[in-house]
Protein chains: 2
Amino acid sequence: MLPVDLTAALSALLGPRLSVSRADRDQHGASESHFAPTPPDAVAWPETTEEVAAIVRLCAAHACPVIAFGAGTSLEGHTSAVRGGLTLDMGRMNAVIEVNDQDMDARVQPGITREALNFHLRDSGLFFPVDPGANATLGGMAATRASGTTAVRYGTMRDNVLGLSVVLADGRVIRTGSRARKSSAGYDMTGLFVGSEGTLGIITELTLKLRGQPQAISSAVCAFDSISGAVDAVIETIQMGVPMARIEFVDAATALAVNAYSGADFPPLPHLLLEFHGTEAGVVEQAEQVAAIVADHGGQDFRWATKTEDRNRLWDMRHKAYWAILASRAGCRAIVTDVCVPISKLAQAVSETQVDIAASPISGPILGHVGDGNFHAILLIDPARTEEAAAAAELAHRMAQRALALGGTVTGEHGVGMGKLPYMQAEHGDAWALMGAIKRAIDPDDLFNPGKVVPAT
Amino acid sequence: MLPVDLTAALSALLGPRLSVSRADRDQHGASESHFAPTPPDAVAWPETTEEVAAIVRLCAAHACPVIAFGAGTSLEGHTSAVRGGLTLDMGRMNAVIEVNDQDMDARVQPGITREALNFHLRDSGLFFPVDPGANATLGGMAATRASGTTAVRYGTMRDNVLGLSVVLADGRVIRTGSRARKSSAGYDMTGLFVGSEGTLGIITELTLKLRGQPQAISSAVCAFDSISGAVDAVIETIQMGVPMARIEFVDAATALAVNAYSGADFPPLPHLLLEFHGTEAGVVEQAEQVAAIVADHGGQDFRWATKTEDRNRLWDMRHKAYWAILASRAGCRAIVTDVCVPISKLAQAVSETQVDIAASPISGPILGHVGDGNFHAILLIDPARTEEAAAAAELAHRMAQRALALGGTVTGEHGVGMGKLPYMQAEHGDAWALMGAIKRAIDPDDLFNPGKVVPAT
């Protein structure tokens, strides 16, 4: 429970935009992850940067934790209020503040979702390219350094945030970065806050890079006899400099789940799903280059989709793969893993994971952003069977260890949250302690999202 | 002078690889910048990470500043030993440790130059794309977040360093990042050290992204009646998504200097110099697209160079533009400025700067990386005339203020060093104090390159 004084002061500031109701607290202590809900003591819906600063000052005076919340699409328990406190639901701060066509940038509030932003931009000739699948908020995507299917072409949130406004623990508001495309003026503060998972400050504005909507888009799909054939085709495609917009991998189990769910007719084999962005002539040339590479690596049945409806159908199936996999076992729950390895190790990492899953009591289709070496297993468990949850936890644990042994990272895009905290020492060594030193320097009283990212003090 | 004990301990460790000679000290206190040489008390040439750690521990015990030195190509006095101390010349740590063809990455020591790295890679089909013009070391390029002509396509050092080994102030060696192409595992420590100008630690290894050598390269040059025509052509080119490898701007004064120096025949007008990378068909299509855009914006005399010798001649002239400008006034010295603005403000920023220079007693041709909004004035002064140095300083000062007023940054790629320190408060506001807090958290005794980047304590 919040201190009475603090509740009174927040109520005076926010009126009905402060809630201590059980429903609001429960909703904001949960997410799409499998972690047990851990509700905050109260939820606030700020509307301005100044209001966030005022809330933070009040909470700081009462040593009350402050946790930022976007769309609740986190998969690693980022918003769990493990020490109680106040959750800031940023959903009312969802405006597009400005779009600069010539500079191809936009300034937005953190609560806008990526779909809403792209809807706003639909007639501008521009779009925001980072696509994690979920309709996350831009603030949440920045906080977790999100990426997804298009990162192979357009980069992650690290590459697409030009600047931020951030409320610090003492209520000061800083601006990081600028609208210049590059700068060498001191430490990269934008880069420090992107991926900090709400532990260093509250993001209240973002300046984002936009891209020109491609003149032409086409897609393709093809099957492979082996995972290594698919991965080798991807490696050669990237080495050739083909500017792929998407290169997605789905394994045979995922293909079968998609067949059942979406009425598709994929053969029971590993597949690559590809998207090309460019000029009309450019996407034709790209597709021809890739078709030749695919054929060299045992790819079969290269199907090329230039019609919008065929393309949309393909990516709709890909985006629904998670739901298709969930539907493949009635009543199940999914534990979604996330690791990323150097691409030369990807076939090994995926194959070893498949063998590991096959030897376990559960199923776990695999899919991923193969151009980046990033993949996920969707581990399906019956919530009533504790041995299945234990098996999933062990599989996820071995995936993380495997990624580290192969020179990779325990999370390519989902973030640390609760799930990857146990691996931070192993991944970073002494650099993890340095993260803790930075946290203490910027948020000395551990006000922001305590219990996350850095070592416990 | 170093403490006697410290000199003895360093000598025991390094033998002849420690020098206190006047010549070595003077060489390492100077650079290509106009700042007065400020030599260190001694110079060391370490050969291993472990040796750097041992040196740092010894220096820390004696509160002796430690300054990293690459090729000495800094333009802002980064390596000036303003509080004396020991300069580490990283030139002997210049090995390529490994190249991973499939993953398109390389692990190198910091003292290798970019030309040496690309020579090493020449038969691999890969190259390292960041090209600041000078043959800088990779360690120095990372420390200053360097970029240059190719950043519009391939990004800056921020985008091309995957990981680092760094010696901290207590002698610990940390590794940041991994060989995975992306990660959401905590704070971006690689990004924090890139651009920190040697103030947080000593970089002893870098893992770099490499790119595939393009199948085809072509170049073009064209003249414009006005700067705004040239800039508008660039804006439209980028909006169209043409993947330009280089888009360089030179003003009329630069064109004339190049004519005199290199025997070229550019009309006395602003020019764009362009480079296209892609497939054979792709570069033809790109050049045709750009030629049409250029014509729409008053571009004339679009000359397209597909032959290697013509292309090399063009970029040789561009790379020698600095020397051509220097040669345009006998006995002069150059003060090279560096600002970066949103591209929509570039024509205004360049035009106002030209007017400002024309009203001054000195000349200052302008050139820059127009795709990024980044430009330089090469301010030519007679070292014997103090009023010219004063005029140059005032012009540079107004350029920095103009960049900030237009939403830009006081340095796009040269870094802070001594020259841009006075603008850090104006550019960053309270975020500058936060940089200071990070410095104190990581280097509490101000051991590394003191007097740079962060506020004085």
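**From the contact of two chains to a helix pair**

In this predicted model, chain B and chain A meet in a contact that takes 78 residues from chain B and 78 residues from chain A. On the side of chain B that touches chain A, the elements that give two or more residues are α7 (157–160), β9 (173–177), α8 (189–193), α9 (227–239), α11 (280–296), α16 (424–428) and α17 (430–442) of chain B. Of these, α17(B) supplies the largest share of that side, with nine residues. Sorted by character, the residues that chain B brings to the side touching chain A comprise 30 nonpolar, 31 polar and 17 charged.

One of the elements just named, α9(B), also packs against helix α14 (residues 346–358) of chain B, at an angle of about 155° and with the two axes 9 Å apart. Because angles over 145 degrees count as roughly antiparallel, α9(B) is described as roughly antiparallel to α14(B). The crossing of α9(B) and α14(B) is right-handed. Where the two helices touch, Ile227(B), Ser228(B) and Val231(B) of α9(B) meet Leu346(B), Ala347(B), Val350(B) and Ser351(B) of α14(B), and the residues of this contact divide into five nonpolar, two polar and no charged.

Turning to the other chain, chain A is divided into domain 1 (4–91), domain 2 (93–212), domain 3 (216–320), domain 4 (329–405) and domain 5 (420–457). Within chain A, the centres of domain 2 and domain 4, taken over C-alpha atoms, are separated by 30 Å.

Conventions
Residues are numbered from 1 along each chain as its sequence is written. Chains are lettered from A and ligands numbered from 1 in the order in which they are written. This is a predicted model: local features need pLDDT of at least 70, side-chain atom pairs count only at pLDDT 80 or more; totals for chains, interfaces and linings use all residues. Two residues are in contact if their C-beta atoms, placed from the backbone, lie within 7 Å. Helices (H or I, at least four residues) and strands (E, at least two) are DSSP runs, numbered from the N terminus. Ala, Val, Leu, Ile, Met, Phe, Trp, Tyr, Cys and Pro count as nonpolar, Asp, Glu, Lys and Arg as charged, and the others, Gly among them, as polar. Axes are lines fitted to C-alpha atoms, for helices over the stretch in contact, and angles run from 0 to 180 degrees between N-to-C directions. Angles under 35 degrees count as roughly parallel, over 145 as roughly antiparallel, 65 to 115 as roughly perpendicular and the rest as oblique. A crossing is left-handed if the near helix is turned anticlockwise from the far one by less than a right angle, and right-handed if clockwise. Domain bounds come from an automatic or database domain assignment.
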